[in-house]
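Reader: Before I set anything up, I would like to go through this model with you, one question at a time.

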Amino acid sequence: MGQATIRDAGANPYMPELATITQVTRETDANDVKTFRVEFRDPSTWERFRYMPGQFAEVSVFGVGEAPISITSSPTQQGYLEFSVKKMGQVTTALHYSSEGTVIGVRGPYGNTFPVADMQGKNIIFIGGGIGLAPLRSLINYVLSDEHRGEFGRVQIIYGARSSGDLVFKGELERWGARADIDQVVTIDRPEAGWSGRVGFVPAVLKEVAPRPEGAVAVTCGPPIMIKFVLSTLTELGFAPEQVVTTLEMRMKCGIGKCGRCNIGSKYVCRDGPVFTYRQLLEMPQEY
Amino acid sequence: MGERGSGKALVMAKRDLGAFARHLAASYLVLAPIVEGGVTRFAVAGVDDIGGFGDRESVPAPSKRPLKEVFFPQEEVLLAFDAGGKVEVAAGAAAPADEVTRVAFGVRPCDARSLTLLDLVFDAADYKDPYYVGRRQGTAVVTFACTEPGVACFCTSVGGGPSDEAGSDLMLVEAGESYLVKPLSARGEGLLRGFDAVREAGDVELAAARDAEARAVGRVARDVPVDAAVEKLAGAFGDAVWEDLYRKCLGCAVCTYLCPTCHCFDIGDEATRAGGERVRNWDSCMFPLFTLHASGHNPRPSRKERFRQRIMHKFNYFVENNGRVACVGCGRCVENCPVNLDVRRVLETIAAL
Amino acid sequence: MVTGDSRAEITQRLRDIARDLLERGEVDVFIGYEEGSLPLRTTPAFITRPDDVSRLTWGALCENNLATYLPKFEGRVGVVVKGCDVRALVNLIVEKQIARDQVKIVGVPCQGVIDRRKLAGAVGEGPPVRSVEETDGFIIVRGSGFEKTIPVQEMLSPACATCVHPVPVLYDLLAGDEARSRGACPREDAFAEVERFAGRNVEDRFAYFAREIERCIECYACRQACPLCYCPECFVDRQSPKWVGRWRDLSDKMVFHLGRVLHTAGRCADCGACRRACPAGIDLRLLSKQMEKDALEFFGHEPGTDLEAAPVLATYRREDPDDFIL
């Protein structure tokens with residue numbers, strides 16, 4: 001995996017950078033997922049805040065608390081960060097009640113990165129479910145960016161949600177789907193009036209689409225149950241565990257491997273992850 | 001911490017202990033084991049407490065609550081913020097202190113050793129916790145070698161011992177009517193500056209201290225096969241033995257909160273009228289909430305997984321990450337467990353797998 | 001009165017019962033006590049094989065309330081209970097945390113359990129106790145260079161002094177002779193301590209609780225040791241609404257302790273498990289005892305003595321006192 005960059009060890013690791021919400025995008029019909037674009041109040045923060053796809057940040061709503069949230073923007077998109085947030089706990093709920101202009105805290109970037117160096121020259125298959133597309137989106141936009149597109153082979157995106165209303169990044173899905181260098185399949189769990197796309201669970205659709213494992217890397221994120229079936233389907237399709245990359249979620253507090261809760265065996269998801277290959281997962285205790 | 005002392009052993013008469021405590025109190029804030037409502041903990045020693053040290057025949061009693069709270073308190077404010085979005089490091093917890101301002105006095109070797117383990121977490125190469133590091137750098141540790149280890153002690157099984165010097169700046173060892181005074185760092189030597197009641201140790205005192213040390217080692221009742229357990233734990237995650245081991249565990253946090261090396265914490269905000277504060281609290285892997293996701297999923301859903309986590313963290317994961325077991329054998333978890341779930345027996349069972 | 005042979009007899013009887021229950025397949029697990037790892041301790045034993053019953057023991061150091069392991073217990077279980085323990089178990093059955101036919105209740109006519117804190121006080125400071133021997137009504141403690149013989153009756157837990165039901169009110173099998181139990185405390189004397197305390201002025205009483213609760217380290221051993229604290233999510237752990245602040249001021253700690261007492265009101269039968277579990281030695285009984293008194297005086301309810309009695313604070317009767325409502 002790409003290694004985490006360690007910030008100045010002498011700095012207070014709990015001090016967040018201040019950032020202003022500049023744009024709020026409603027993603028789902030149920031309004032339970034929103035994307036927040038934020039800009040650092042002090043532009044010099046960018047000198048310290050250099051991230052790569054796969055990393056996350058501890059996002060604070062002052063007076064409510066912090067939550068670890070994957071960075072969904074790509075480092076190729078400069079001048080802002082984006083976080084797509086599902087309304088789940090206290091902090092994410094408070095974020096959902098925040099509007100443009102609100103000042104929030106951002107600590108990070110934390111964790112390792114998707115192994116972009118190892119992916120060079122390879123076909124990449126993105127397999128996402130629901131809000132799980134958020135961390136993948138950072139890598140997708142990185143790979144599709146003008147400066148990096150040539151470094152990678154074909155791109156395939158298989159993305160699903162419970163219903164059409166639960167699909168996130170709809171505008172981008174349209175743009176990606178329209179590109180000639182991308183094969184994209186979007187699916188929903190159950191048939192719906194007016195839906196002309198595919199219907200079926202992501203692992204089943206993956207099996208039908210049957211991407212070839214030769215010279216490919218599969219990157220997946222979604223609900224735990226989806227990931228579980230995607231991993232076994234990829235294995236059936238001939239993908240070696242080293243060719244499969246996923247990113248995990250855990251309850252976290254510090255984000256820097258100290259507070260003790262996000263470990264799987266001796267690995268801390270916040271520090272040694274959140275990105276793991278399936279090979280690594282197989283070697284770790286099944287406690288996540 | 002810091003450079004080593006000259007290593008020259010000194011002695012002071014036992015009756016001068018009070019004078020030494022007063023000498024320290026003149027220049028430093030002295031934290032010592034203080035009894036509050038029947039519970040001994042390290043707290044700021046008042047004039048009466050310090051005066052009392054001289055009257056004691058023996059050393060201050062071991063504290064029930066661990067030394068760690070002097071460096072890593074159960075609750076602490078990390079940051080303060082106001083409604084306008086100004087965020088500041090909480091007052092009193094700023095940059096590391098360059099000079100020693102506090103003395104932890106009457107520490108036991110196991111507790112002093114625990115600091116060297118906490119350092120691996122809070123004073124690591126990747127991140128420095130300024131709150132911990134500041135207190136650590138600003139606090140000298142004066143340790144008393146143990147002469148009468150308790151029935152739950154097993155320090156000698158985890159690399160320590162009744163006169164283990166790890167983590168101490170100055171060590172006092174009983175030697176007949178005197179204390180052998182061993183400066184173990186420049187900071188320890190600094191504590192003796194201006195204190196006249198010490199002289200160089202003679203052979204008789206050195207011999208008496210050696211005898212006392214050997215006697216104390218002999219009194220650490222139990223030899224726990226920690227190395228064998230550590231070895232077995234590497235492959236024990238899925239073993240059925242956990243099913244038996246955890247059963248009587250109540251799932252409280254006595255073991256983790258009284259443990260001098262347990263360091264897991266929680267961070268959260270409290271809103272105030274003016275803004276708010278970001279607070280760090282001790283947390284415990286024994287609580288279900290510790291790992292509960294906002295979605296309701298819990299990777300460690302029952303007491304079995306949580307109990308296993310505690311043992312694995314101390315004797316496997318910490319070893320993998322830091323090369324040492326996260327235990328100093330102080331016996332607090334053994335003595336205070338409401339159901340006598342004894343970690344020594346747990347390790348013995350695992351070693352025998 | 002307690003005799004040494006009754007202790008050995010009870011131990012033997014418990015082993016026989018456990019063996020019988022396990023051999024006949026009437027229980028999957030038998031929960032009793034075995035020797036602990038420290039001189040003054042016994043420890044809960046979960047016995048699943050008849051050959052292991054020899055681990056079981058009985059004595060004045062069998063302090064834990066084993067009913068705490070029973071909420072949501074899966075399978076059939078035999079459990080050793082003292083007079084106070086079974087009252088918690090009765091509550092668990094009434095509150096449908098365990099089915100009556102799931103559990104074989106093995107009662108012991110109780111002779112009282114030793115309060116380790118009291119015993120530590122009697123032994124005094126100095127070298128630690130390294131071994132303990134229980135004989136006819138006495139406990140002999142030894143350490144390097146000392147030996148003390150202390151009457152068990154003087155070392156009993158404070159809850160034992162006010163125990164009205166030393167013989168379990170409900171059992172399937174009784175391991176011992178009822179007549180040999182400790183004499184019951186007359187009901188009119190059971191609340192003498194709380195009545196005395198209630199006679200002090202309010203500032204005094206508040207100061208007392210403040211001093212006690214100040215020492216709380218929020219380890220929740222009291223809650224975890226209590227058979228009645230089986231909520232999947234305790235109110236103190238709730239984030240929304242949040243009951244307890246992160247600063248953990250006295251008021252935060254008070255909220256927990258008062259909540260705990262009120263939540264067990266009309267259910268708590270003063271087994272003393274909370275107090276024994278507390279590493280800070282907080283007096284956790286006093287307020288609970290007051291609740292027990294109130295339940296009896298206001299509602300004629302004696303917690304955990306009647307499988308047919310509905311939980312007192314979960315029922316309404318027209319004659320319930322209501323003069324506290326303005």
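**A helix, an interface and a histidine**

Author: This is a predicted model, and a helix of chain B is a convenient place to begin. In α7, which spans residues 226-233 of chain B, the buried residues are V226(B), A229(B), V230(B) and L233(B).

Reader: Within what arc do the buried residues of α7(B) fall when seen down its axis?

Author: An α-helix has 3.6 residues a turn, so residues three or four places apart point the same way. The buried residues of α7(B) line one face of the helix, because, seen down the axis, they fall within an arc of 100 degrees.

Reader: Which residues are exposed on the other side of α7(B), and what covers its buried residues?

Author: On the other side of α7(B), the exposed residues are D227(B) and E231(B). The cover over the buried residues of α7(B) includes three helices of chain B, namely α8 (241-246), α10 (303-322) and α12 (343-351).

Reader: How much area do chain B and chain C bury between them?

Author: The size of an interface is often given as the accessible area lost when the parts come together. Here 47 residues of chain B are in contact with 39 residues of chain C. Of the area that chain B and chain C bury between them, 52% is on carbon and sulfur atoms, and the area itself is about 3400 Å².

Reader: Which residues of chain B lose the most area to chain C?

Author: Together they account for 17% of what the side of chain B buries, and they are V151(B), R247(B) and E270(B).

Reader: How far apart are the closest N and O atoms of D266(B) and R246(C)?

Author: Across the interface of chain B and chain C the rule finds 3 salt bridges, along with 26 residue pairs in polar contact. D266(B) forms a salt bridge with R246(C), and the closest N and O atoms of this pair are apart by 3.1 Å.

Reader: Which element gives the most to the side of chain B that touches chain C?

Author: By class, that side of chain B has 21 nonpolar, 8 polar and 18 charged residues. The elements that give two or more residues to it include β4 (75-82), β11 (265-271) and β12 (275-282) of chain B. The element that gives the most, with 6 residues, is β11(B).

Reader: Turning to chain A, is H148(A) buried or exposed?

Author: H148(A) lies in the loop between α4 (133-144) and β8 (155-161) of chain A. Leaving aside neighbours within four places in sequence, H148(A) is in contact with T76(A), Y142(A) and V143(A). Its relative accessible area is 16%, and under 20% counts as buried, so H148(A) is buried.

Terms used:
Residues are numbered from 1 along each chain as its sequence is written. Chains are lettered from A and ligands numbered from 1 in the order in which they are written. This is a predicted model: local features need pLDDT of at least 70, side-chain atom pairs count only at pLDDT 80 or more; totals for chains, interfaces and linings use all residues. Side-chain values use heavy atoms; hydrogens and water are left out. Helices (H or I, at least four residues) and strands (E, at least two) are DSSP runs, numbered from the N terminus. Buried means under 20% relative accessible area, exposed over 50%, partly exposed in between (1.4 Å probe, protein chains only). Contact means heavy atoms within 4.5 Å. The arc is that of the directions from the helix axis to the C-beta atoms. Buried area is the accessible area (1.4 Å probe) that two parts lose on being put together, summed over both. A salt bridge is a side-chain nitrogen of Lys or Arg within 4 Å of a carboxyl oxygen of Asp or Glu. A polar contact is a pair of N or O atoms within 3.5 Å; within protein, one must be able to donate a hydrogen and the other to accept it, and residues adjacent in sequence count only if both atoms are side-chain atoms. Ala, Val, Leu, Ile, Met, Phe, Trp, Tyr, Cys and Pro count as nonpolar, Asp, Glu, Lys and Arg as charged, and the others, Gly among them, as polar.
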